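Thank you all for making time this morning. I would like to walk you through one protein model, with the sequence and the structure on the screen as I speak.

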Amino acid sequence: MSVQWHEFASKDQLDQQLAQTIGQQLNLAIAARGKASLAVSGGRTPAGMFKALSELDIDFDKVYATLVDERWVPVDHADSNERTVRQNLLVGKAAAIHFVSPVSAAATPHEGQAEIEQRFATLPAPFDVLILGMGEDGHTASLFPNAPELEAACASTDLVAAVTPPVAPHKRITLTLPTIAKAHNVIVHITGEGKKELLQTALTEDKPLTEQYPIRRVLDAVKGNKSVFWTA
Ligand SMILES: O=C1O[C@H](COP(=O)(O)O)[C@@H](O)[C@H](O)[C@H]1O
């Protein structure tokens, strides 16, 4: 597997350079097909990069975006990934981005999945740029180790799957592994020595497929460009 590593001296440098890279890839897609699709991750890591991206010179009205995963909570909930995107990315000129929400008013992601699947089918496919985070347990998107729905989400022909994390809070909706794997450019965005060590272990250890960390399973399946942006 060929994964390009980019390391930065500070979080600010990482955020600026990652935003530039995403911007270039979106601009290339817009030049090639008149529009671009972007899937971003949530959690605590991406807010600074979102701000930097929102300030770039991009035809944002030609960009179609969503999240790779979401906690099944209302958009004004403190744990909502969409809230982070709305507060940090969909601002200024970048408010013109066509954002497709990954949550609905359904009581659970399992009940809401069909509606989200229909919404995601309107996005330009495959994703031109897809940003992945990674948790301390090796989950990426909401593909959690030992989740009851993990194997189905890794083999599904659907765009999205509903997931029950064994430990983390909130049921989730997530892009399936095959949907992520089709993206043209996949970038893993992580910070901290612990995550670097975990990712390096995940990418090199010799284990049966179903025992591998989800981040490894995803990156093995990606055929397009893949890279890691990291700072301590
Ligand atoms: O729960 C989630 O966690 C991962 C990692 O988040 P971080 O706060 O450690 O950066 C994130 O990539 C994912 O989108 C989110 O739903």
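**Strand pairs, the sheet and the ligand shell**

Let me begin with one pair of residues, where valine 160 stands opposite leucine 175 in strand S8. Before I go further, please keep in mind that this is a predicted model, and that what I describe is computed from it. The pair I have just named belongs to a longer arrangement, in which strand S7, residues 160-163, and S8 pair in the antiparallel sense over four bridges. S8 also has strand S4, residues 69-71, as a partner, and these two run antiparallel and are joined by three bridges. Within that pairing, glutamate 70 has isoleucine 173 of S8 as its bridge partner.

Are the faces of strand S8 covered or bare? In a regular strand the side chains alternate between the two faces of the sheet. For S8, which covers residues 172-175, both faces are covered, with Arg172 and Thr174 buried on one side and Ile173 and Leu175 buried on the other.

Let me now step back to the whole chain, which has eight helices and 10 strands. The radius of gyration is 16 Å, close to the 17 Å that the globule rule gives for 232 residues, so the chain is as compact as a globular protein of that length. Taken along the principal axes, the C-alpha atoms fill a box of roughly 45 × 40 × 35 Å, and buried residues make up 44% of the 232 residues. If we consider the contacts with a separation of 6 or more, 72% of them are between residues 24 or more positions apart.

Turning to the open sheet, seven strands form it in the order S1-S10-S9-S6-S2-S3-S5, and the pairing is parallel. Strand S1, residues 4-8, and strand S5, residues 98-99, stand at the edges with a single partner strand each, so one side of each is left without a neighbour in the sheet. For S1, five bridges make the parallel connection to strand S10, residues 225-231. Along this pairing, glutamine 4 has serine 227 of S10 as its bridge partner, while glutamate 7 stands opposite tryptophan 230. How many of the five residues of S1 are buried? The count is zero, and S1 is hardly covered.

Next comes the ligand, and I would ask you to find the residues that surround it, which are Ser41, Gly42, Gly43, Arg44, Thr45, Asp69, Asn81, Gly133, Gly135 and Ser142. This shell divides into eight polar residues, two charged and no nonpolar.

There are also some backbone features that deserve a careful look. Most residues other than glycine have a negative phi, and most peptide bonds are trans. Against that background, a cis peptide bond joins alanine 125 and proline 126, with omega about -10°, and proline 126 lies in the loop between helix H4, residues 109-120, and strand S6, residues 129-132.

Alanine 141, although not a glycine, has a positive phi of about 50°, and its place is in the loop between S6 and helix H5, residues 150-155. Asparagine 146, also not a glycine, has a positive phi of about 70° and is likewise found in the loop between S6 and H5. Is alanine 141 buried or exposed? Alanine 141 is buried, because 31 other C-beta atoms lie within 10 Å, where 20 or more are needed for that label. Asparagine 146, by contrast, is exposed, because it has 11 other C-beta atoms within 10 Å.

One further loop position is lysine 182, which sits between helix H6, residues 177-181, and strand S9, residues 185-191. Lysine 182 is partly exposed, with 17 other C-beta atoms within 10 Å, and from C-alpha to C-alpha it is 17 Å from valine 228, the two being 46 residues apart in sequence.

Finally, a word on the annotation, which comes from an unreviewed UniProt entry that lists residues 10-220 as "domain: Glucosamine/galactosamine-6-phosphate isomerase". Over residues 10-220 the chain is 38% helix and 16% strand, and the end C-alpha atoms are 28 Å apart.

Definitions and conventions. Residues are numbered from 1 along each chain as its sequence is written. This is a predicted model: local features need pLDDT of at least 70, side-chain atom pairs count only at pLDDT 80 or more; totals for chains, interfaces and linings use all residues. The radius of gyration is taken over C-alpha atoms; the globule rule is 2.2 Å times the number of residues to the power 0.38. A residue is buried if 20 or more other C-beta atoms lie within 10 Å of its own, exposed if 12 or fewer, and partly exposed in between; C-beta atoms are placed from the backbone. Two residues are in contact if their C-beta atoms, placed from the backbone, lie within 7 Å. Two strands pair if DSSP finds at least two bridges between them. A residue is near a molecule or strand if its C-beta atom, placed from the backbone, lies within 6 Å of it. Ala, Val, Leu, Ile, Met, Phe, Trp, Tyr, Cys and Pro count as nonpolar, Asp, Glu, Lys and Arg as charged, and the others, Gly among them, as polar. UniProt positions are given in the numbering used here, feature names are shortened, and annotations may be inferred rather than shown by experiment.
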